[in-house]
Amino acid sequence: MKFQYWLPEKEKMARCELKSFQLAALKRTITCALRTDFYNKRLKDVGINSPDDIRSLDDIRKIPFTSKYDLRAAFPYGMLATNKDDVIRLHASSGTTGIPTTIYFNRNDIDAWTALVARSIFATGCNKQDVFQNMITYGLFTGGFGFHYGAEAVGMLVIPSGSGNTSRQLRLMQDFETTVVHATPSFLLHTESKMKEEGILRDSLCLKRAFAGAEPYSEDTRLRIEELLQIEVFNSYGLSEMNGPGVAFECQCKSGMHLWEDAFLAEIIDPETLEPLPDGETGELTLTTLCREAMPILRYRTRDITSFYTEVCQCGRTHRRIHRIKGRSDDMLIINGVNIFPSQIEEVVMGIKEAGNNYLIIVEKEGFLDRLTVKTEVNPDTFRDDTRKLNVLREKIRHKLQNTITINPKVELVESNSLPVSEGKAKRVIDNRPKDV
Ligand code: DLL
């Protein structure tokens, strides 16, 4: 398949044309969704028995929202709209207790996703002459493969370096004259500190651009990375449930991320009343897939708080731009790009009988990276002063946590009843990272 990474007829489509395109695509999506056990029931319950019951884009409001909880409840195959034989890939999101939220792709879905990422990369000014180092996790996480295929489709030389191992990343950049990197913003800052530490001069690198996303960051952080590394940084937004990266991306104007509206129908809702908000108002982004076949998702509550720009972008693309993500409407933490719910930590701690009843989650910055510490009280009945046993317990908790949340936390054991107990709702998370978003 020849991927199209620059499609002005799509990216600059007149708004009225884009809306008719969306309506036709929404109808196709409803047809697919009705094939799944989950949506068949959900849609019929609200009187949508066929795509003909959707007459305008406003009819989307008749459809109930979909949550992460729904995806987990339908695990493993309850949301498949196609024969399992046609599925060629799955990805799973971190950040759920026990059951992951799993997304399935058929051939067309992978190709459509690739084209969206390719389009996003091209919009930043990159082209086939670039050498692209993909410094993000490959595997179930969507960041690695999503960008890998997108960048190949643009014709860039792709170095699939994956995440971590900063010294090797820097060596690769020097050896292959990398011009573009993709990483979380915190890893980009960490890379710059490592350069200083290792005495690597900026002039020994050919870097021009970076794509940064998968976690929230502020405009100040972008400016700092741009200044320190002397590159241009483009914000990249996405989520596993909507393929992964390639949902919204900054163009060369770097003022807001174009949300690809031929692939996603976006609404901003009030997270309390769940009512749609007018353009320009801040609320929770809710997305409906418009071209996914194996696993369509309707009105997915992303929990990400943002708003639409009301003005048209100077680049001429007509797809509306969203502002930088301002926060979340749930308690999900994003630690070095990995999504973690406090409930996952609680489940591990409470499952260990030697652990006490109270625990505290502390998130801080260590250099430019996030550091997670879990303070756990020790069950007084088990043992008190046996240092060896305490070390074994600490390692057991650390190991179980790492298995569940995939990142390596620091575990501190403290005496029973020594952690603060609040009178109202327990406050179990202390996030000391600078709040500058
Ligand atoms: O983080 C997909 C991705 C990979 C996006 C690489 C960009 C680059 P999840 O692991 O499912 O997927 O996490 C999705 O991460 O709902 C946001 O809360 C947050 N997030 C992603 N990009 C940004 C961003 C990937 N640019 C969750 N700014 C989303 C702020 C972001 N938050």
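How many of the 17 residues of α5 are buried? Point 4 below has the count; the notes start with the ligand.

1. A word before you look around: this is a predicted model. With that in mind, the ligand is a good place to begin. There are 21 residues around the ligand, and those that come nearest are N235, S236, S240, D304 and N339.

2. Some polar contacts are worth finding on screen. S236 places a backbone N or O atom 2.7 Å from a nitrogen atom of the ligand, and A214 has a backbone N or O atom 3.1 Å from a ligand nitrogen. The side chain of N339 also takes part, with an N or O atom 2.9 Å from an oxygen atom of the ligand. As for cover, the ligand taken alone exposes 610 Å², of which the protein buries 98%.

3. Now for the shell as a whole. Two elements, α6 (142-154) and β7 (232-239), give two or more residues to the shell around the ligand. β7 gives the most, with 5 residues. Sorted by class, the shell holds 10 polar, 8 nonpolar and 3 charged residues.

4. Here is the reply to the opening question: 13 of the 17 residues of α5 are buried, so the helix is mostly covered. Helix α5 runs over residues 107-123 and spans 24 Å from first C-alpha to last, close to the 24 Å expected at 1.5 Å a residue.

5. Finally, have a look at both ends of α5. At its start, a side-chain oxygen of N106 comes to within 3.0 Å of the backbone nitrogen of N108. After the helix comes G125, with a positive phi near 100°.

Note on methods:
Residues numbered from 1 in each chain as written. Predicted model: local features only at pLDDT ≥ 70, side-chain atom pairs only at ≥ 80, totals over all residues. Heavy atoms only, no water. Near = heavy atom within 4 Å. Polar contact = N/O pair within 3.5 Å; in protein donor to acceptor, adjacent residues only side chain to side chain. Areas by Shrake-Rupley, 256 points an atom, 1.4 Å probe, with all protein chains shown as cover. Helix = DSSP H or I, 4+ residues; strand = E, 2+ residues; numbered from the N terminus. Nonpolar A, V, L, I, M, F, W, Y, C, P; charged D, E, K, R; others polar. Expected span 1.5 Å × (residues − 1). Buried < 20%, exposed > 50% of the residue type's maximum accessible area, 1.4 Å probe, protein only.
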